[in-house]
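User: I'm new to reading protein models. Could you walk me through a few features, one at a time?

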Amino acid sequence: MIDYRTPLPDLLFALNHGADAARLHHWDAELASDVLTHAAAMVDGVIAPLDPIGDMEGTHLVEGRAIMPAAFVDAFRQFKEGGWPGLAVAEDYGGQGLPHILASVLSEMLSGACITYQMVLALSHGAMRTLIASGSDAQRRTWIPRLASGDYLATMCLTEPQAGSDLGLVRTTATPAEDGSWRISGGKIFISGGDQNLTGGRILHLVLARTPGAPAGTRGLSLFLCPSHHADGGRNAITVVRLEEKMGMHASPTCQVAFDGAWAEIVGAPGEGLRRMFTMMNAERLDVAVQGVGLAEVALQRSLAYAAERRQGRAGSAEGPDVISRHGDVRRMLLTQMALALGCRAMVLRTLVDLELERTPALMELMTPVCKAFVTDAAQEAASLAIQIHGGYGFLREYRVEQIARDARITPIYEGTNGIQAQTVAGRVIRLDNGAALTEFKAEIIEAAHGAAPAAAAALTRALAAVDKATAAILPRRDTGLVATSYLRLLGLVAFAAAWTRLETAAPFAPNPDRIRNCALFVRDWMLPEVDHLAARCQNDGILGSLPDSVFAP
Ligand SMILES: Cc1cc2nc3c(=O)[nH]c(=O)nc-3n(C[C@H](O)[C@H](O)[C@H](O)COP(=O)(O)OP(=O)(O)OC[C@H]3O[C@@H](n4cnc5c(N)ncnc54)[C@H](O)[C@@H]3O)c2cc1C
């Protein structure tokens with residue numbers, strides 16, 4: 001079993017050639033390489049060793065406080081001293097002012113090295129983006145420097161027992177106080193980082209709550225900043241009632257949090273909560289895709305290392321036994337993992353560069369769910385294949401591939417289940433503004449085909465024809481429930497293939513050009529043909545369309 005090692009050459013290749021980061025104003029490839037080299041040393045040396053400790057020790061509730069393993073506290077102290085929390089925050093707010101894309105690459109490294117460590121930090125970036133988009137000047141000046149320095153971490157408090165995917169059911173209330181502040185009362189569940197001892201419990205909670213007389217549903221929700229501590233250092237009326245026991249992500253504190261008239265400030269105006277919270281939710285959705293890339297990468301690394309050592313059977317040699325990486329079926333699995341890790345990275349980084357360039361909102365509205373769902377599904381597959389490649393040893397804790405599968409399992413669920421992402425795309429996004437999002441999406445695919453080898457360009461053109469067929473079948477439907485997931489996967493697969501086409505075109509610059517050329521071929525010949533099957537499903541939902549409720553009676 002090996003620990004995670006930052007795949008620095010692959011990351012730089014994906015950034016410069018897959019994502020074309022040079023499109024960013026003031027992009028400095030040399031500086032990016034220096035920064036990421038330093039980050040890699042810290043991630044490999046300080047963060048990766050936390051992963052097995054976190055899995056074994058977990059986080060515990062002690063006298064109402066969530067206590068993470070001591071090694072995490074020490075690692076965070078070093079992380080903070082290195083200025084990493086403020087890497088991409090504007091200098092005006094005390095950050096280093098580097099491009100956001102570098103913070104996302106760091107996020108991928110942290111996810112591969114130790115997903116629970118990444119998770120407890122992850123929400124700060126979304127909170128800062130939300131403050132920049134929606135906060136008052138005073139709110140920005142107060143909170144962004146505290147988050148950028150790592151003195152505070154943040155949470156996103158949406159979920160309640162009766163309100164999961166359906167946030168219109170949120171019951172937590174906010175009542176106005178005479179001084180213009182608000183008091184929050186209610187209970188939130190599943191709150192990641194709802195308490196922790198990395199910052200001594202200093203947390204900025206972003207809470208969705210309902211104001212007096214607000215309409216039912218999501219229109220009645222408002223967004224609040226609810227800090228763990230008052231200005232005088234005393235604690236706000238926020239209590240962690242319980243920590244959840246989970247199948248994975250053991251060190252990540254998943255908290256049930258009670259707000260008992262907690263002091264808060266509103267962000268924006270009453271009723272604007274969901275719209276303003278979407279800044280954070282969309283940032284976190286892309287960050288969950290980044291988590292998926294990191295998890296697929298570490299699954300690949302452990303599999304390659306194991307398959308290069310384990311000897312079983314003969315694969316062409318006279319004597320044998322040969323290493324299992326020489327067997328065709330194991331190669332199929334390794335190639336699949338490789339294709340998923342490298343291709344998803346290129347796809348997500350390109351989307352993040354587009355986001356930083358403020359490209360059309362329509363394209364971002366489509367690519368955010370596409371990346372979230374496709375990449376988190378890819379992480380499941382890569383993790384499951386890692387277990388299979390390890391054979392029986394994969395089922396043992398010792399080799400730590402089962403841990404990847406356990407940790408990765410939440411990614412298709414949180415930040416809006418992949419099913420909800422699919423509904424959003426098939427039911428809404430592709431219908432807005434005369435299909436502006438799909439028009440942009442197709443332009444991106446056509447652009448990837450330009451300059452590509454003829455076979456690659458032809459494959460993308462065929463794949464776009466499958467998208468057209470599926471879209472034509474979906475648009476007239478009112479209820480897209482049965483086919484939405486197939487449709488979203490279809491779009492994901494096409495975007496993924498386009499990402500691979502870009503990598504293939506740039507293969508001479510890759511750290512391992514053979515790997516890129518052969519993987520690109522594998523994607524084109526083995527993976528991409530699934531688009532025809534997916535399009536056929538979207539055109540004909542067959543038996544599923546006419547099932548009576550009685551079939552599903554418990
Ligand atoms: C480890 C962990 C960390 C989390 N962190 C946070 C956090 O920091 N902050 C936070 O607010 N929440 C957090 N969550 C909550 C998470 O976002 C929710 O669990 C998730 O949104 C799904 O809600 P639910 O669990 O209530 O499932 P439900 O909404 O009950 O969904 C159950 C199933 O029904 C499907 N479904 C539901 N509605 C529809 C529909 N309209 N159409 C089609 N299918 C539908 C879903 O796709 C799913 O398959 C976390 C959860 C976990 C487990």
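User: What lies 2.6 Å from an N or O atom in the side chain of S165?

Analyst: Start with the idea of a polar contact: a pair of N or O atoms within 3.5 Å; within protein, one must be able to donate a hydrogen and the other to accept it, and residues adjacent in sequence count only if both atoms are side-chain atoms. Here, the partner of S165 is an oxygen atom of the ligand. T417 puts a polar side-chain atom 2.7 Å from an oxygen atom of the ligand, while F190 uses a backbone N or O atom, 2.8 Å from a nitrogen atom of the ligand.

User: How much of the ligand's accessible area does the protein cover?

Analyst: Accessible areas come from the Shrake-Rupley method with a 1.4 Å probe; for residues, only the protein chains shown count as cover. On its own the ligand has 970 Å² of accessible area, and the protein covers 62% of that.

By the way, this is a predicted model: local features need pLDDT of at least 70, side-chain atom pairs count only at pLDDT 80 or more, and totals for chains, interfaces and linings use all residues. Residues are numbered from 1 along each chain as its sequence is written, and side-chain values use heavy atoms, with hydrogens and water left out.

User: Which element gives the largest share of the shell around the ligand?

Analyst: A residue is near a molecule or strand if one of its heavy atoms lies within 4 Å of it. Elements are DSSP runs numbered from the N terminus: helices (H or I, at least four residues) and strands (E, at least two). In this model β5 gives the largest share, 3 residues. There are 17 residues around the ligand, and M156, T159, S165, F190 and T417 come nearest.

User: Is E297 buried or exposed?

Analyst: Buried means under 20% relative accessible area, exposed over 50%, partly exposed in between (1.4 Å probe, protein chains only). E297 has 3% relative accessibility, so this residue counts as buried. E297 is part of helix α8, residues 273–307. Contact means heavy atoms within 4.5 Å; leaving out residues up to four places away in sequence, E297 touches Y4, P7, E108, A341 and R345.

User: What about backbone angles: what is phi of D20 near?

Analyst: Phi of D20 is near 50°, a positive value in a residue other than glycine. D20 sits in the loop between α1 and α2, and is partly exposed at 30% relative accessible area. R400 also has a positive phi, near 60°, but R400 is buried, at 6%.
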